[in-house]
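I opened the model to look up one helix and the surroundings of the ligand. My notes follow the order in which I checked them.

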Amino acid sequence: MTPGTALPVDSHQQLRIRRLLMSVAMYVLSAVPQGVSLYNGISPAWVMYTWAAYAVVFNLGFYLAIRSNFSLRFRDPSMTMAQMVAAIILVLFTQLYAGEARGAYLVVLVIIMVFGCFKLHTRQLLILSLLTILAYALTMPLVREIEGERFNLAVEVILWCSFSAFLPFISILGGSISDLRKKLMASNAQLQEVLQQVTELATHDELTGVYNRRYLLEMLGHEKNRTDRGGGGFCVCLFDLDHFKRVNDNYGHAAGDTVLKTFAATIEPLLRSTDFLARYGGEEFLLFLPQTSLEMAQHCIKRIQEALAGTRFEGLPPDFRVTASIGVAQYYLQEGIPGLIERSDKALYRAKQNGRNRMELAPFTRPILI
Ligand SMILES: Nc1nc2c(ncn2[C@@H]2O[C@H](COP(=O)(O)OP(=O)(O)OP(=O)(O)O)[C@@H](O)[C@H]2O)c(=O)[nH]1
């Protein structure tokens, strides 16, 4: 992925090819004045053939370089500067034989500068335009040679002066557009980053990094709808850390936070990618197990209890352990999510009553689909 943007490399290359095709379209269009010149005997046929061969070879070369990803080796994989220089050389060549129609070709140079605004800075565009003005001036003795007696120095100088006045101006304008584009892209990237942060904040618990209650309830709602339409059943497991108040009281609030974070970090790797662990409140966590029977949920809880029994907590005594009481409920058809959680909460209450560090299953009286 290119830094600062959201597009994958392939999409960037496709965009570059699209831009190249735009410039190819310009070549095709400029074949029209070439043809008219040829038809009217203003420029010789070999100029048109040379122009066409040059255009085909260079554009094919640029196309292959981008298509094969060879251009990714360059700082600018669009090869904007190279494309522009190639086009400028071609225009300067064809205008040599354009006679009185020379002005029409000079317009193309202006359009080439506008193309540069996709990638180049104002300074690069200005340097390129000054070099073009100089190169154009240097072609004048050749034009004189080709045109012989028809050469009108005054007309040529007027053309050169107006061209020299406008081209730098177009470059500055193009550069400003380019800068504006870059700023827009940077602020877009920033916006994406902020959006990602906001999404993270809206769906995750800040302390433990697991999902938050709101997001979990949303996911439960989706799963309920899916199950009611004929999907497999699911379970929820409500965890409550035992005697957590004592952790805060004996070791301080920061140690309590560490316990919550470590608890979540211990459970997460034990889950399938489709399971959801969320912080339900204070020291309560809700585990949502889609496509899971009560029996499978019990296996999962046992795995978690075993892992917890061996978990050490940073900054706390080596023999310090945390246990949890768990209430497990399996969803039954058409049940409301609040009702389902209430059943798991009642089961959790029984687990506390029955001595903690254990799980209790919520009884059910209605059919369960799994
Ligand atoms: N460190 C820390 N403590 C929290 C956080 N949220 C809630 N608590 C504490 O969690 C404790 C919950 O205590 P109780 O509800 O009495 O339950 P308990 O001590 O775990 O006892 P049982 O649930 O009956 O086993 C309270 O002391 C809260 O202050 C948190 O984000 N960080």
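The entries below cover the helix, then the ligand shell.

**Entry 1, the helix.** I am working with a predicted model. I looked up α11 and found that it runs over residues 337-353, 17 residues in total. I read its span from first to last C-alpha as 24 Å, close to the 24 Å expected at 1.5 Å a residue.

**Entry 2, its buried side.** Which residues of α11 are buried? I listed L340, I341, R343, S344, A347, L348 and A351. Looking down the axis of α11, I found these buried residues within an arc of 155°, so they line one face of the helix. I note the general rule: an α-helix has 3.6 residues a turn, so residues three or four places apart point the same way.

**Entry 3, what it packs against.** I traced the contacts of the buried residues of α11 to three strands: β2 (235-241), β5 (324-330) and β6 (359-361).

**Entry 4, the other face.** On the face of α11 turned away from the buried side, I found P338, G339 and Q353 exposed. Just after α11, I noted G355 with a positive phi of about 115°.

**Entry 5, the ligand.** How many residues surround the ligand? I counted 16, the closest being D242, F244, K245, G256 and G282. The elements giving two or more residues to this shell are β2, α8 (244-251) and α9 (253-267). I noted that α9 gives the most, with 4 residues. β2 thus appears twice in my notes, as a packing partner of α11 and as a contributor to the ligand shell.

**Entry 6, shell by class.** I sorted the shell around the ligand into 4 nonpolar, 5 polar and 7 charged residues.

Technical notes:
Residues numbered from 1 in each chain as written. Predicted model: local features only at pLDDT ≥ 70, side-chain atom pairs only at ≥ 80, totals over all residues. Expected span 1.5 Å × (residues − 1). Buried ≥ 20, exposed ≤ 12 C-beta atoms within 10 Å, placed from the backbone. Arc of directions from axis to C-beta. Contact = placed C-beta atoms within 7 Å. Near = placed C-beta within 6 Å. Nonpolar A, V, L, I, M, F, W, Y, C, P; charged D, E, K, R; others polar.
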